[in-house]
Amino acid sequence: MSGDPSMAGGDCVLELSALGKSFPGVRALDEVSMRVLRGSVHVIVGENGAGKSTLMKIIDGIYEPDSGEMRLDGAPYRPSSPTHARSLGISMIFQELNVVPELSVAENIFLGREPMRPGGIFIDDARLNRLAAEYIAEQGLGFSPADPMKSLSVSQAQMVEIVKAISCKAKLVIMDEPTSAITDKEVGYLFEKIAELKRQGVTVIYISHKMDEIFRIADYISVLRDGRHIETRPAAAFNRDSLIELMVGRELGSGYPGQGSSPGPEALRIEGFTRGRAFRGISFSVRKGEILGIAGLMGAGRTEVARAIFGLDPRDSGEVYVEGARADIGCVDDAIGLGIVMVSEDRRKYGIIPMRSVTENANLVGLKYRAGSWWIDEADERAAVREQVERLGIKAPSAETEIAKLSGGNQQKVILAKWLLAGPKVMILDEPTRGIDVGAKYEIYKLMRELCERGIAIVMISSELPELIGMSDRILVMCAGRIAGTFERGEATQVEIMRKATGGIGNA
Amino acid sequence: MPDIAQRTGKGRADLKALYNKYGIFCVMLLILATASGISPAFLTRTNIINVLTQISVVTIVACGITMLIIEGMTDLSAGSVVALAGCLCVGTNKALAAGGMGAAPAFALALGCAVLVGVAVNLAGALIIARYDAPPFIVTLAAMQVARGLVYIYTNGQQIYDIGRIAAIGQGRIGMVPYSVLIMAAILAASWVILRKTRFGRYIYAIGGNKAAAVASGIKVNPVIVKTFAIHGVFVGVAGVLYMTRLNSGQPAEGVGLEFDAITAAIIGGTSMAGGLGTIAGTICGSVIIGVVNNILNLLFVQAYYQQIIKGLIIVLAVILDIKTKGKRS
């Protein structure tokens with residue numbers, strides 16, 4: 001694969017010319033033109049709000065462009081719906097998988113296009129299961145078509161979506177951040193599948209924020225910024241820094257803001273945290289102004305421990321000490337009262353109240369822990385929220401905008417504002433930058449540093465090793481519910497952390 | 001950093017947002033205008049007071065129901081509990097008066113009984129909903145049956161007549177304005193304050209909007225739910241007193257379907273069945289719209305059966321509006 005696909009020539013499967021799309025108050029896409037070559041992996045990068053999702057939704061037939069046109073295999077392409085797009089050979093795999101957990105794998109694969117018995121009234125279950133079994137065998141997957149979808153892991157469910165796409169004879173598969181919820185090992189498996197798709201001549205458009213991944217699989221990279229197409233080049237013509245600079249439109253330095261916080265006295269210590277098989281004998285402490293990173297694979301028990309500290313889940317045994325004094329945390333309310341707060345990894349489920357305003361979301365905790373009155377002082381509330389909005393650089397049309405209408409990065413900042421308004425001493429941040437674009441990530445890193453300087457202790461759970469190594473003063477590695485190792489700043493390498501996290505087998 | 005205000009496109013009015021904010025108010029004005037055009041009798045002072053009196057009971061019930069729906073709850077028992085509380089009120093008063101108690105203490109005790117039973121039924125339901133995470137639809141459906149059974153047992157299936165001077169609560173007035181309208185106004189004001197001005201009100205929106213996030217924000221969800229039902233119980237008790245004293249009798253078979261009228265008022269007023277959205281101002285509009293449509297159909301001598309069909313169509317219209325303007329919750 002060579003040559004710049006933005007130039008004419010090459011076997012072009014999808015061509016976008018001058019696509020434009022506006023939403024009330026936002027120009028989401030501005031004259032975007034792009035060529036996607038057959039059989040290539042074409043990665044699209046950009047900050048949240050850059051227009052990636054809008055562009056993909058136009059290609060998938062969910063949105064109609066205001067202007068411009070698309071050509072698929074040279075013929076005008078105007079999908080009216082995702083079903084229409086699929087029938088023309090374009091399948092999209094969403095970040096949130098579209099599966100029906102109660103149905104079987106086979107039923108999910110054929111959802112909406114079940115093979116019928118003669119007469120077209122009843123589903124031909126035998127054929128459905130046979131075909132599904134063939135597809136699954138072809139892809140070398142280890143589950144049966146009769147398995148209920150809910151028994152599958154996230155990555156297995158993703159494989160089912162890929163099988164579904166292939167079974168539709170897709171020539172173009174769009175994947176929207178497919179690795180946001182799967183482990184590194186599963187990522188490897190996904191990439192093998194992508195390579196195989198390529199060999200079969202299928203084109204893959206891949207959206208991701210993760211630099212390492214992008215360079216592992218991309219043939220071409222297109223950068224979007226503020227709804228405009230900035231550049232498309234072969235992947236080899238970029239490096240990490242140049243790509244980030246193009247995405248954010250400014251230079252970033254190392255990607256992590258300067259360190260050098262000087263930790264103070266102990267802020268939080270937990271001893272012997274144990275619950276069934278989820279986690280056993282977990283003890284650690286974190287000092288004021290310190291960032292303690294917690295590494296581990298999915299299912300290692302990191303989130304479970306954090307939720308238990310925060311009072312969201314019960315524990316069998318274990319003690320909590322806040323600033324040296326034994327603390328009794330029976331529920332979240334107790335934890336917040338002691339100055340312990342937690343930003344969940346799942347923003348939609350545990351973070352935002354989607355249809356309520358930025359103000360209401362930001363002040364949900366502060367009402368009790370900052371203002372402390374049953375009566376809402378609206379002037380005080382507005383001022384407090386405005387201060388956070390300015391400090392965190394939250395971009396929103398107004399403080400009365402529904403939080404669901406903001407980009408992921410801005411939603412996350414509102415959630416951070418919510419906890420800052422509680423006046424925390426210890427912040428547990430569970431995957432604080434998941435699904436957030438590079439620019440917003442950097443701002444969150446900077447904020448973390450700032451909070452440390454103000455003496456707040458931070459416990460950061462993260463699956464992104466560069467982030468953990470770049471930000472943490474110490475790193476704790478969990479494996480199968482236990483602490484498998486501890487690294488001081490400067491000692492940790494990705495390989496060493498992975499070795500501990502995988503139980504010493506050394507699968508880095 | 002570009003922040004708030006800078007991006008506020010003033011000229012580009014988002015039609016949906018605008019509708020959500022003022023739409024139902026405009027619809028209400030439109031209906032009022034139409035009504036006064038159709039019937040010259042509509043805009044007379046007597047008729048307006050008549051309409052307000054007629055909607056008072058349903059509006060009071062709708063206040064609590066609005067809070068519950070916002071919270072992701074609902075209540076189907078309100079009609080039965082209104083009958084139970086109302087009959088208990090007039091019955092208690094009659095018994096106390098017969099026993100020789102003075103009017104004022106008897107009124108107070110009778111009123112207290114009504115409110116107490118309203119709160120008790122709702123509390124019982126709420127505790128089950130909270131304790132077992134049971135669906136409020138089913139639990140309050142059960143409460144509807146139980147309350148109706150209780151009122152028949154209490155009254156022995158008979159109507160209570162000769163209720164005495166307590167009828168003044170439902171029928172009396174200050175100057176032109178009936179007590180029932182004043183009480184309605186007071187409860188509307190109280191509900192508005194609770195939802196808009198208190199932390200408790202914010203928690204109601206948060207719980208209905210995303211319960212898991214509310215829990216993770218340190219909100220003690222179950223106590224909030226129980227308290228909301230208790231407040232609603234007070235309102236339902238008061239509504240019962242107004243209802244039966246206005247009828248000047250205790251009617252155990254009355255109040256059937258009242259909860260649906262209240263739910264309809266809330267939904268028309270923009271409260272979302274999905275939870276997290278709704279206002280008291282909207283519910284007032286919804287209640288007035290239903291009241292005026294009923295009134296105008298009466299003024300035009302439209303048969304009650306047709307009125308029921310029209311009410312059904314209004315509900316469908318309101319739900320479509322709800323989905324179109326707020327979007328379905330994924």
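## Reading a two-chain model, one feature at a time

Guide: Let's start at F301(B), which lies in the loop between α12 (280–299) and α13 (304–326) of chain B. Keep in mind that this is a predicted model.

Visitor: Okay, what is the phi of F301(B)?

Guide: Here's the general idea: most residues other than glycine have a negative phi. F301(B) isn't a glycine, yet its phi is positive, about 60 degrees.

Visitor: And is F301(B) buried or exposed?

Guide: You count C-beta neighbours inside 10 Å, and 12 or fewer means exposed. F301(B) has 6 of them, so it counts as exposed.

Visitor: Let's try chain A. Where is E177(A), and is it buried or exposed?

Guide: E177(A) sits in the loop between β7 (172–176) and α6 (184–199) of chain A. The cut-off for buried is 20 or more other C-beta atoms within 10 Å. E177(A) has 20 other C-beta atoms within 10 Å, so it is buried. It also has a positive phi, near 45 degrees, without being a glycine.

Visitor: What about a residue that falls between the two cut-offs? How should I class L52(B)?

Guide: L52(B) belongs to helix α2 of chain B. Its count is 19 C-beta neighbours inside 10 Å, so L52(B) is partly exposed.

Visitor: How far apart in space are L52(B) and L182(B)?

Guide: Their C-alpha atoms are 9.9 Å apart, with their positions 130 residues apart in sequence. Now try another pair: Y220(A) and A396(A) are 176 residues apart along the chain, and 33 Å separate their C-alpha atoms. Y220(A) is in strand β9 of chain A, and with 26 C-beta neighbours inside 10 Å, it counts as buried.

Visitor: Which strand does β9(A) pair with?

Guide: Look for bridges between strands. Strand β9 (residues 220–225) of chain A pairs with strand β10 (residues 228–234) of chain A over 6 bridges, in the antiparallel sense. To see one of these partnerships, find I221(A), whose bridge partner in β10(A) is R233(A). The hairpin has 2 residues between its strands, and D226(A) there takes a positive phi near 50 degrees.

Visitor: Are there parallel strands to look at as well? Which strands pair with β17(A)?

Guide: Try both of these. Strand β16 (residues 340–343) of chain A pairs with β17(A) in the parallel sense over 4 bridges, and I340(A) has V426(A) as its bridge partner. β18(A) also runs parallel to β17(A), joined to it by 5 bridges. In that pairing, L429(A) stands opposite M460(A).

Visitor: How many residues of β17(A) are buried?

Guide: 5 of its 5 residues are. A strand has two faces, and here both are covered: V426(A), I428(A) and D430(A) are on one side, with M427(A) and L429(A) on the other.

Visitor: What kind of unit do β17(A), α16(A) and β18(A) make?

Guide: They make a β-α-β unit, and it is right-handed.

Visitor: How do I check the length of the helix α16(A)?

Guide: Allow 1.5 Å a residue: the 16 residues of α16 (residues 438–453) of chain A should span 22 Å, and the end C-alpha atoms are 23 Å apart, so the two agree. Many of its residues to look up are buried, including V438(A), Y442(A), M448(A) and L451(A). The buried residues pack against several elements of chain A, among them α8 (240–248), β13 (291–296) and α15 (408–420). After the helix comes G455(A), with a positive phi near 90 degrees.

Visitor: Zooming out, what domains does chain A have?

Guide: There's domain 1 (12–248), domain 2 (254–339 + 424–508) and domain 3 (354–421). The centres of domain 1 and domain 3, taken over C-alpha atoms, are 35 Å apart.

Visitor: Which residues touch the most other members of the largest nonpolar core?

Guide: That core has 248 residues, and the ones to find are I458(A) and V61(B). Helix α2 (residues 45–70) of chain B gives the most to this core, with 13 residues. Beyond its neighbours within four places in sequence, V61(B) is in contact with residues including A78(B), V82(B), F235(B) and L258(B).

Visitor: Last one: how many residues does each chain put into the contact between A and B?

Guide: Chain A gives 32 residues and chain B gives 27. On the chain B side, α8 (199–209) and α9 (211–216) each supply at least two residues, and α8(B) gives the most, with 6 residues.

Note on methods: Residues numbered from 1 in each chain as written. Chains lettered and ligands numbered in written order. Predicted model: local features only at pLDDT ≥ 70, side-chain atom pairs only at ≥ 80, totals over all residues. Expected span 1.5 Å × (residues − 1). Contact = placed C-beta atoms within 7 Å. Domains from an automatic or database assignment. Pairing = 2+ DSSP bridges. Right-handed = clockwise from strand over helix to strand, strands pointing away. Core = buried A, V, L, I, M, F, W, Y, C linked by C-beta atoms within 7 Å.
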